[in-house]
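Hi,

Here is the structure I said I would pass on. Have a look at it first, and my notes come after it.

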Amino acid sequence: MVAPKVISRKATTSKDLEKEYKWGFVTPIEPDLAPKGLNEDIVRLISRKKNEPEWLLEWRLKAYRYWTSLKYGEPRWAKVSFPPIDYQDIYYYSSPFKEKRPESLDEVDPELVEAFRKLGIPLEEQKKLTGVAVDAVFDSVSVATTLQKTLEEHGIIFCSVSEAVEKCPELVRKYLGSVVPYTDNFFASLNSAVFSDGTFAYVPPGVRCPVELMTYFRINTEGSGQFERTLIIADKGSYVSYLEGCTAPMRKTHQLHAAVVELIALDDAEIKYSTLQNWYPGDKEGRGGVYNFVTKRGKAAGRNSKVSWTQVETGSAITWKYPSVILQGDNSVGEFYSVALVNNHQQADTGTKMIHLGKNTRSTIIAKGISAGQGSNTYRGLVKIMPSAANARNFTRCDSLLIGDKCAAHTVPYIEVRNPTARMEHEATTSKVSDDQLFYLRQRGITEEQAQYMIINGFCRGVFQELPFEFAMEASQLLKVSLEGAVG
Amino acid sequence: MTQAPTKHDRYLADFEGFERDVAARGPEWLHELRQRALARFTEVGFPTARRGNERWKYTNINPIAEGTFSYPFAAGEVDGERLHTSIPWSDDWSRLVFVNGLHSAALSSVGVGADARSLAEALRADGQPAREHLGRYVTIEDDAFAALNTAFVHDGALVHVPKNGSLDRPLHLVYVTAAGAGPTVSYPRTLVVAESHSRLTLIETYAGFGEGRYFTDAVTEIVLGEGAQVQHYRVLMEEPDAFHVGITRVHLERDSTFTSTLFARGCAIGRNDLLATLDAPGSSCFLRGLYLTSGSQHVDNYVNIDHTQPHTTSRLYYKGILGGKSHAVFGGTVFVRPGAVKADARQEDKNLLLSDEAEVDSKPSLEIYADDVLCGHGATAGTVADDALFYMRTRGLDLNTAMVHLIKGFASEVLDKVEVEPLRLSLDRLTTASLPELQPGLVS
């Protein structure tokens, strides 16, 4: 029997949400910090802390050397602006544990357990969420992974990347960097050199993962960057649904989050990846907030495989991310559903890339952008149909909603077609909340504010319905709190 | 910026001779403008850099940067009879003909009442409206091709329609390159000033005669006064080996309307860079285009619309038919500036691919900084639909006829909107004649 899935995030009832960013608390934990700054010694130190094998250290060093050889700095083509980042002023390693990772939860600092409880993620065995296995990552280190027993019964490996390197090094070695090589881009190179922790999941052939896998990321230490690396492999004929949530304390300074996510779906496998991104967005004047510079890419490597991204982006001062799919296997499918919201001084430049290589490959892109306050929101997407992709099919729909006269919304699609049998369609619209719709709802006795939320919710519906149910509820709440002060 | 300087010694040497022999007589302000433009050109250089070069993302202009095109100090010869049979033509139209960028009085004929003359002549007289408008709408600061044209600004057409005036006949501006010895470059320059409440129908044709490579670097500035209406057609019929960079800048005042249709037959590199600035409430523009590319041709349409004021409307509808190993690019942005509320914009690019090796890159973008707007865009690419072909075959049409009908039907959405009948008929004929090139084996 399947137990109902409940992510009982008690923290997120609408009443609580009326306040400002409510995940902004700081956990008073003395972290084990590596010195600030980045050099080869730091890379070696991180590797040593994690007891990594020689090959991984070598790989990190190669990435680090490549990164330092880059003549250009961060990519500047995106429609976001930020002052130069001082990469020597960041802590690259911060762990809540002074010594070794605790074997059981009893050894974990109660402050830490409390921190996740406050976030709505109880880690204790008896209080665990039903139907969801959680890997909790605090700063650079994975704190605990729940529901291990159930997963082991199915042969599913779900743990932190550090553990995976010990448990199944051959899998990590085979797939790490196979979708996002360390030469991919500035932030991916940086991440490859200093990635601290992250989630590893492997679903064996023919297994349908019985629970949702979830990672909850939390940045705590001031001045630390978070560089996690996620690697998910769905072997032949398997299925996995993965959720990702993230928050950070309110700080006056900016924090850098440069993650890399790699997904690999083999023949007939399916990966569904959902993100609820709620990093601290900065205050009303645009002070503080997380720089979310993330490289996410899935490879639909096998025949009939499928990779599906769903993202709800409400947090971060700046979002720079393009979850992509390489449609390599014949008949493979790529999907991208996104809601990106900016308010106050937030900036987002996000979208996707669909690279069609195999025959009869299909991709769908549904992107909804909402701009409010003085936010700037850009959809940037690439659909590339290579000569080998006979009968490829793409459908893209991007809509932007503007709330207020100081915000901006941009749509920048790149469409490259090199096969005549391909069929691709792109549609985009930009407008404000329609006066007619508002009038209709108002004359039904609904307050203006409520009416606005209803319309905005309807606008995002196509994406929310792709999320697991409780996540969808939360996403809609999150949207509401993020728009606080912008509507009504 | 993103443009790395490459070799342009040839142009500098030409410029010296040009200043000494051709442009010596002329007002001081013009001399200064040329000097400034040349300085900008040498500073920015041709946009050959690939990294971060968004404006030229899909077009590599190295062949132009590396070609040694020289300035033809004398006008070439073109046979009038041949001209009139190979490009859209009507004896009813007023026309100004330019050969290698220089006005040919013998081939031109302007009807009574129309103020359309050679720019060189107008600049010698140094009167209005050239003095007020020339170079005002095209930015030379970061555009090598605009700067280069401006450095060599000398001849071309000046069209002036006075307040409430209207030209009773369409005006045809013909820019022909006659093949000479070695690769040449010409710098046609067109300035059109349509004063308030005036009306004008204008056709610009760019064509080449003879074999060989040449380069046309054209700039057209069009100003519409309050309530003015301008219908503009641009026909590109350059030789297959030619390079063409055409820059059009349109400035619209209150309640004015600009309608434009581009017809482009491919060439080695053909660039159509159009920017319409809707600079006052009530202004609107309707831009259509049809491009046909075959062989290893390359056509790049870069069409931007700038809504700077409230209550402005724009429509853009471009279609391409691609055969062979050709490459077509569509780029362009609809900008809506802060405060430009009630902007209504729609942008559409549709492509029909007829061969396995053709490539289309489309990048229609929206940049919106105002909330009360209605903007949208769409892009499609695909080949002739099998079920459409099947339907026509079930009606007894053979494959060839069905194919011809479907391709021509695709093109007709643009061509049918051409209001000047002789022009519509000849563009239709040109399209039909291109079909065998687009799809080998097709009999039109």
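Below is what I found, going element by element and then through some single residues. Keep in mind that this is a predicted model.

**Where the chains pair up**

I'd start with strand β24 of chain A, residues 423-432. On one side, β24(A) pairs with strand β22 (residues 393-403) of chain A, in the parallel sense and over ten bridges. If you want a residue pair to click on there, A:Asp399 has A:Thr429 of β24(A) as its bridge partner. β24(A) also pairs with a strand of chain B, namely β20 (residues 374-382), this time in the antiparallel sense over eight bridges. For that pairing, try A:Glu427, whose bridge partner in β20(B) is B:Gly378.

The two faces of β24(A) are worth colouring separately. The covered face consists of A:Met424, A:His426, A:Ala428, A:Thr430 and A:Lys432. The uncovered face has A:Arg423, A:Glu425, A:Glu427, A:Thr429 and A:Ser431. Both of the bridge residues I picked out in β24(A), A:Thr429 and A:Glu427, belong to that uncovered face.

**A strand covered on both sides**

Now look at β13 of chain B (residues 269-278). Ten of its ten residues are buried, so β13(B) is largely enclosed by the rest of the structure. One side carries B:Ile269, B:Arg271, B:Asp273, B:Leu275 and B:Thr277, the other B:Gly270, B:Asn272, B:Leu274, B:Ala276 and B:Leu278, and both faces are covered.

Which strands does β13(B) pair with? One is β11 (residues 243-252) of chain B, joined to β13(B) by ten bridges and running parallel to it. In that pairing, B:Val250 is opposite B:Ala276. Another is β15 (residues 298-307) of chain B, also parallel, with nine bridges to β13(B). There, B:Arg271 sits opposite B:Asp300.

**Two helices in chain A**

Helix α8 of chain A (residues 186-194) has eight of its nine residues buried, so α8(A) too is largely enclosed by the rest of the structure. The buried ones are A:Phe187, A:Ala188, A:Ser189, A:Leu190, A:Asn191, A:Ser192, A:Ala193 and A:Val194. They pack against two helices, α2 (40-49) and α3 (54-69), and against the strands β8 (229-234), β11 (260-265) and β13 (289-300), again in chain A.

Helix α11 of chain A (residues 469-482) is a different sort of case. Its buried residues are A:Phe471, A:Ala472, A:Glu474, A:Ala475, A:Leu478, A:Leu479 and A:Ser482. These cover an arc of only 165° around the axis, so they lie on the same side of α11(A). Their packing partners in chain A are the strands β9 (239-247), β12 (270-277), β14 (306-313) and β17 (333-342), plus helix α10 (448-464). As for length, the 14 residues of α11(A) should span 20 Å at 1.5 Å a residue, and the end C-alpha atoms are 20 Å apart, which agrees.

**A helix crossing in chain B**

In chain B, the axes of helix α2 (residues 28-44) and helix α7 (residues 144-151) come within 7 Å of each other and cross at roughly 145°. The crossing of α2(B) and α7(B) is left-handed. From α2(B), the contact is made by B:Leu33, B:Arg34, B:Ala37, B:Leu38, B:Arg40, B:Phe41 and B:Val44. From α7(B), it is made by B:Ala144, B:Ala147, B:Leu148, B:Thr150 and B:Ala151.

**Some single residues in loops**

- A:Val108 is in the loop between β2 (94-95) and α4 (110-118) of chain A. Is it buried or exposed? A:Val108 has 21 C-beta neighbours inside 10 Å and so counts as buried, the cut-off being 20 or more. A:Val143 is 35 residues from A:Val108 in sequence, yet their C-alpha atoms are 7.9 Å apart.
- B:Pro129 is joined to B:Gln128 by a cis peptide bond, with omega about 0°. B:Pro129 falls in the loop between α5 (119-125) and α6 (130-133) of chain B.
- A:Asn304 has a positive phi, near 55°, without being a glycine. A:Asn304 is in the loop between β13 and β14 of chain A, and it is partly exposed, with 18 other C-beta atoms within 10 Å.
- B:His197 also has phi near 55°, again positive in a residue other than glycine. Its loop runs between β7 (189-194) and β8 (199-209) of chain B, and B:His197 is partly exposed, with 18 other C-beta atoms within 10 Å.

Cheers

Key
Residues are numbered from 1 along each chain as its sequence is written. Chains are lettered from A and ligands numbered from 1 in the order in which they are written. This is a predicted model: local features need pLDDT of at least 70, side-chain atom pairs count only at pLDDT 80 or more; totals for chains, interfaces and linings use all residues. Helices (H or I, at least four residues) and strands (E, at least two) are DSSP runs, numbered from the N terminus. The expected span of a helix is 1.5 Å times one less than its number of residues. A residue is buried if 20 or more other C-beta atoms lie within 10 Å of its own, exposed if 12 or fewer, and partly exposed in between; C-beta atoms are placed from the backbone. The arc is that of the directions from the helix axis to the C-beta atoms. Two residues are in contact if their C-beta atoms, placed from the backbone, lie within 7 Å. Two strands pair if DSSP finds at least two bridges between them. Axes are lines fitted to C-alpha atoms, for helices over the stretch in contact, and angles run from 0 to 180 degrees between N-to-C directions. A crossing is left-handed if the near helix is turned anticlockwise from the far one by less than a right angle, and right-handed if clockwise.
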